[in-house]
Amino acid sequence: MITVDGLSKRYGGTLAVDDVSFTAAAGRVTGFLGPNGAGKSTTMRIMVGLTRATSGTATIAGRKFADLPNPGREVGVLLDASAQHAGRTGREILTLAQRLMGLPRTRVEEMLTAVSLTPDEATRRVGEYSLGMRQRLGIATALIGDPDVLILDEPANGLDPAGIRWMRDLLRGYADRGGTVLLSSHLLHEIEVIADDIVMIGHGRIVSHGAKTELLHAAGTIVRAVDLARLEQALTDWGLTANATGDGALRTDADAALVGTVALESGVALTELRAAEGAGLEEMFLELTSTTQREGARA
Ligand SMILES: Nc1ncnc2c1ncn2[C@@H]1O[C@H](COP(=O)(O)OP(=O)(O)OP(=O)(O)O)[C@@H](O)[C@H]1O
């Protein structure tokens with residue numbers, strides 16, 4: 001289990017991580033989702049002791065990374081697949097990790113097989129690897145010590161759809177055996193496909209956290225009416241919040257039965273009434289992404 005408690009990181013005038021708290025549970029794949037610059041990498045770097053927090057703590061199974069006696073046996077880490085030594089072969093990189101952690105030599109071949117790097121690929125220098133191959137090698141390095149916890153920053157970058165499916169199955173199996181997985185992505189779809197739980201971060205702050213199924217189903221109701229303005233007024237009069245979706249509908253947090261009752265009482269004819277599956281999470285994420293891009297354009 002990973003526990004992040006009140007974590008903040010300030011770089012000069014930038015509050016990169018702002019009072020972030022969440023847990024990543026054993027047996028679950030937790031997706032850490034946020035647009036570029038949201039604070040994911042900084043949070044993960046703090047978890048593994050590469051960056052010092054301004055305040056707050058991050059612990060793995062109750063201990064700080066620096067206090068773990070043989071960290072690679074407890075936490076598998078992949079922060080930047082391109083940071084591997086370009087002049088070494090894949091097998092050499094895994095052999096170094098195997099020796100450093102005091103593991104049996106057989107682990108190297110086991111890991112090459114687990115991540116589907118062929119014997120030919122294993123003898124090539126990493127400098128010649130595609131990004132997808134580097135990700136596979138990085139995941140092999142993270143897994144070699146048979147740790148209980150995995151921390152992976154954007155591991156799906158550079159993987160093709162088949163590669164993403166492969167990774168999902170690998171992480172699923174790992175979590176089903178009791179492992180804790182925290183993986184980051186700036187793509188909602190990737191997280192939706194892979195994760196059980198989602199922690200969404202924007203501008204350094206957690207904006208949403210929960211089981212994926214709950215987040216996707218807590219999305220409210222989409223409703224259309226012949227007279228949309230009258231329906232919006234009626235919902236507001238009932239103390240409900242209704243927002244225009246931009247394509248001629250309203251989205252409200254009220255359930256469909258309540259929206260139907262309001263419409264009936266107000267004499268408004270509905271043309272559509274349905275649960276807004278997934279839309280809440282997606283809209284929230286799109287909003288975060290667009291504000292980040294607008295700020296990027298201003299900068
Ligand atoms: N070493 C640093 N010095 C100054 N500012 C930094 C440093 N590292 C990160 N930042 C800033 O902190 C904020 C969060 O960056 P971070 O890399 O954690 O985001 P991210 O969510 O991982 O984004 P990305 O997906 O683009 O890597 C950004 O505004 C970034 O510019």
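Confidence in this predicted model averages a pLDDT of 89 over the protein, with 94% of the residues scoring at least 70. The model as a whole scores ipTM 0.94 and pTM 0.79. According to the domain assignment, the protein has domain 1, covering 2-210, and domain 2, covering 220-276. The points below take up the domains, the ligand and two of the sheets in turn.

**Domains**

- The centres of domain 1 and domain 2, taken over C-alpha atoms, are separated by 43 Å.

**Surroundings of the ligand**

- The ligand is surrounded by Tyr11, Thr14, Ala16, Gly34, Asn36, Gly37, Ala38, Gly39, Lys40, Ser41, Thr42 and His186.
- By residue class, this shell divides into eight polar, three nonpolar and one charged.
- Two elements, β2 (14-24) and α1 (40-47), each supply at least two residues of the shell, and α1 gives the most to it, with three residues.

**The sheet with β1, β2 and β4**

- Three strands, in the order β2-β1-β4, make up an open sheet with antiparallel pairing.
- At the edges of this sheet are β2 and β4 (55-60), each of which pairs on one side only.
- On average, and with direction ignored, neighbouring strands of this sheet are turned by 20° against each other.
- Strand β1, residues 2-11, is joined to β4 over five bridges in the antiparallel sense, and Val4 stands opposite Ala58 in β4.
- Helix α1, which gives three residues to the shell around the ligand, also packs on this sheet, where it touches β1, β2 and β4, and its direction makes about 115° with that of β1.

**The sheet with β10 to β13**

- A sheet of four strands, likewise described as open and with antiparallel pairing, has the order β11-β12-β10-β13.
- Because β11 (242-244) and β13 (270-275) stand at the edges with a single partner strand each, one side of each is left without a neighbour in the sheet.
- Neighbouring strands here are turned by 25° against each other on average, direction ignored.
- The antiparallel pairing of β11 with strand β12, residues 250-252, runs over three bridges, and Arg251 in β12 is the bridge partner of Asn243.
- Helix α11, made up of residues 256-266, lies across β10 (221-225), β12 and β13, and runs at about 160° to β13.

Technical notes. Residues numbered from 1 in each chain as written. Predicted model: local features only at pLDDT ≥ 70, side-chain atom pairs only at ≥ 80, totals over all residues. Domains from an automatic or database assignment. Near = placed C-beta within 6 Å. Nonpolar A, V, L, I, M, F, W, Y, C, P; charged D, E, K, R; others polar. pLDDT = per-residue confidence, 0-100. Pairing = 2+ DSSP bridges. Axes fitted to C-alpha atoms, helices over the stretch in contact; angles between N-to-C directions. Contact = placed C-beta atoms within 7 Å.
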